[in-house]
Amino acid sequence: MRADDNPRPAYWQQQVRYLIEVDFDVEKHRFTGKQEVMFINNSPDRLDRVYFHLYYNAFQPNSMMDQRSAHIADPDSRVGNRISRLRPNEVGYHNINLIKMDGVECEFEITETIMDVFIPFFIEPGDTVNFYLEYESQVPLQIRRTGRDSEEGIAYSMAQWYPKLAQYDDQGWHAHPYVGREFYGIFGDFDVIINIDSSYTVAAGGVLQNPEEIGHGYTDEYEAKVDENGKLSWFFRAENVHDFAWAADTGYTHTTHMSEQGTLFRFFYLSNERTDHNWGLLPGILDSALTYLVARCGDYPYPEFSVIQGGDGGMEYPMATLITGERPLLSLVGVTVHELAHMWYYLILATNESIYPYMDEGFTTYITEETLNYLAGKNLLPRREYTSNPHAARIASYVNFAREGREEPMSTFADHYITNAAYWMATYTKASIMLVQLSYIIGQEAFDQTLLEFYDTWKFKHPRPDDFFRIAEKVSGIDLKWYQNQWIHTTNTIDYGVDTIIGNPDGSSSLILVNNGTMPMPIDLTVYVEGSPYYLHIPLVIMHGRKQIDDGLEFMQMEPWAWTNPMYELHLPFPVEEISRVVIDETGRLADVNPVDNVYPRERESD
Ligand SMILES: [Zn+2]
C-alpha cells in the first residue's frame, strides 16, 4: 500500500458561523428570520448538496413525530396524541422564502423536517460558502422541548427553532427527520439578534453583548433602547458551540451567582410558592456540583451557564438548560445537575445523539449519580445520604428489566427502539452501568484518568464510542473490544456464581466458580479467612492485561479465565473450615442478573 492510499484520513470536522436576526410577533407567536450561515467544508469530499433541519415542522398533525407517538406501544406522555390535535394557529412551521448560496438563489425540497438544498455548484474540499435564508416561522404550542405556553406558563421555550445546517462527517450526511430524538450539530460561532416586545425577559445559551441597552437583570446601568414598535433588540453571542437555544417570558425572575470556578450562573424562573425556596437554594448547590464536575470531567470552558425554566422536563443546550421548575428540591437539583453534566457529554464532547444516544445520556447519568452522591456527602441534599455505590438502584432496575426479556441493544438508533421503555433503560441506565462496570474492569484510577483524557483529546470535537474505548485501552493496557461489543451491541447478560468449596487432603481448599451467563467478565473475589479479607482478581484471557489497583485496593493476581470454559478452579492455601465467606464483586458494580449465588455460603432468604 502506498502512503497516499491511506484509507483512514486524519480526523476532520466541519465548521459554521451563524448570524441570525429574528423579528418576533408576540401576538401571533410568529417571527421572521434572516439568517446567514458560513460553512467551511473541511471534509476531503466534494459536496453536491446540503440539508437543513426544520424541526418546527414536526409539530403538525400526522407528522412522523405524531405517527410515531400514535403507534408506539408506550408513547411518551408529554407527546401522546397532542400533536394530532394542534389547530392551525398552534402548529409549528418554517416557511422558507429564500435560500441563496454565495448570492445564487437555490432550489430546495422540503420533506417535513428536512430541507434538501440543491446547490448551484459543488462545495469542494476546503471551500467556504455562505448561505442566506429568509423565513417566516410559527412557534408551536409547547409539546416536546420547544414551543409556546408551557404547562408551567412559560411563554416561549425556543429550542430547535431555526433552520439548522445538518452535520456531515466521515459517516456522511446526518439528515435524520425529527421523530422525537435527537440532535447532532456542527461547531461554530453564533451571533443571534432577537427583536421582541420590551416586556419580555430573554434568557439564552449565549452571552448578551448589549446589556446596557437592555437591563432586565443583565446590568443595573442601562438605558433601555426600545424602538418605535416597542421592542428591544437583544444581541447574544455564543462561541464554539453547535446549537443555540433561548426562552422568553414577561414574568421571569432573573438572578445570578458567580461560582467558585469563575463561571457566571444565571437563573430564570417564575417566582411563586412552588419555586421560590428551591430556586433560592439552587445556586449554592450548583456551585459545588460544578467544582466536582470540573475535577472529574475537565474544565467548563464557557463564561456562563443559564438555568432556565421552560420546556417540558429537562433538555441540554450549549451554555444553558431548559427545565421545568416546579419541583421538589431533590428533583430540581437532580435535573439541573444532569443537564449541567451534559455540557461535557454532548455539548463539548459532541457525540451524535441520534446514532449513539447512550454516549451522551449514559455518561451524563453516570456522572450525575456520582455528583449527587458527592453533594449528599457534603450534606447539601435533603433526605439523601452518601453511599459507597450510588449506582446500585440503577443496576437493580436494569437487572429486573433484563430478566423480564424487555431489553433492546444499546446500539439501536435513538428513534428506532421498539418501546420507549427499552430506549430509556438502554440509553440512560444500561449506558451508565457501562461506565460503572468499566471502572470495575480497569480499576477506578484508570477509569478516572480515562474520563479526563477523553475530554483532553476530544473536547470541541465529535468522538465516537470507539474513540472513548480506545483511550480506556491505552490508559489501562487492557483490551476492551469484547466488552464494548457485548454490552453495547447485544443483550447478553452476566451471571457468575460461587459453585462449591472443597477441602483437600493437604489442608488446602479448591474453590469452583461458574459462569452461567452469556457475557464474560473479569472477577474480583473477596475471600474471608477467619474473618480477614483477601482480595483476589481473575482477569479474562481476552483482556491481555489486568487491573493492578482499584480505588486504592491492590489484588492478589490469579490466572486469567478463558471465557470458553464455564468453570474456573481456584486453589486456596487455607483449610476449608477457616474460609468463612466468599463474595464475587463486593463493590456491587457488576450487573450480575442473578446475584444470589455470588456469595458463599448462600445468604438465607429473609422471612
Ligand atoms: Zn440527558
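Colleague: Which residue in strand 18 does Ser-157 stand opposite?

Modeller: In this predicted model, Ser-157 stands opposite Ala-247. Residues are numbered from 1 along each chain as its sequence is written. Local features need pLDDT of at least 70, side-chain atom pairs count only at pLDDT 80 or more, and totals for chains, interfaces and linings use all residues, while side-chain values use heavy atoms, with hydrogens and water left out.

Colleague: What makes strand 10 and strand 18 a pair?

Modeller: Two strands pair if DSSP finds at least two bridges between them. Strands are DSSP runs of E with at least two residues, and helices are runs of H or I with at least four, each numbered from the N terminus. Strand 10 (residues 156-158) and strand 18 (residues 246-249) share 3 bridges in the antiparallel sense, so the criterion of at least two is met.

Colleague: Why is one side of strand 9 and of strand 15 left without a neighbour in the sheet?

Modeller: The open sheet has 4 strands in the order 9-10-18-15, paired antiparallel. Strand 9 (147-148) and strand 15 (201-204) are at its edges and have a single partner strand each, so one side of each stays without a neighbour.

Colleague: How do you know which protein atoms are donors of the zinc ion?

Modeller: Donors are N, O and S atoms within 2.8 Å of the metal (3.2 Å for Na, K and Ca); water is not among the atoms, so sites may look incomplete. His-338 (NE2), His-342 (NE2) and Glu-361, through two entries labelled OE, lie 2.0 to 2.6 Å from the zinc ion, so they satisfy the limit of 2.8 Å.

Colleague: Why is the arrangement around the zinc ion called irregular?

Modeller: Four donors are tetrahedral if all angles lie between 85 and 135 degrees, and square planar if opposite donors are over 155 degrees apart and all others between 65 and 115; six are octahedral under that second rule, and anything else is irregular. Here the 4 donor atoms subtend angles of 54 to 156°, which makes the arrangement irregular. His-338 belongs to helix 3 (residues 329-341) and Glu-361 to helix 4 (residues 357-377), so the pair ties together parts 23 residues apart in sequence.

Colleague: Are His-338 and Glu-361 buried or exposed?

Modeller: Both are buried, meaning under 20% relative accessible area (exposed is over 50%, partly exposed in between; 1.4 Å probe, protein chains only).
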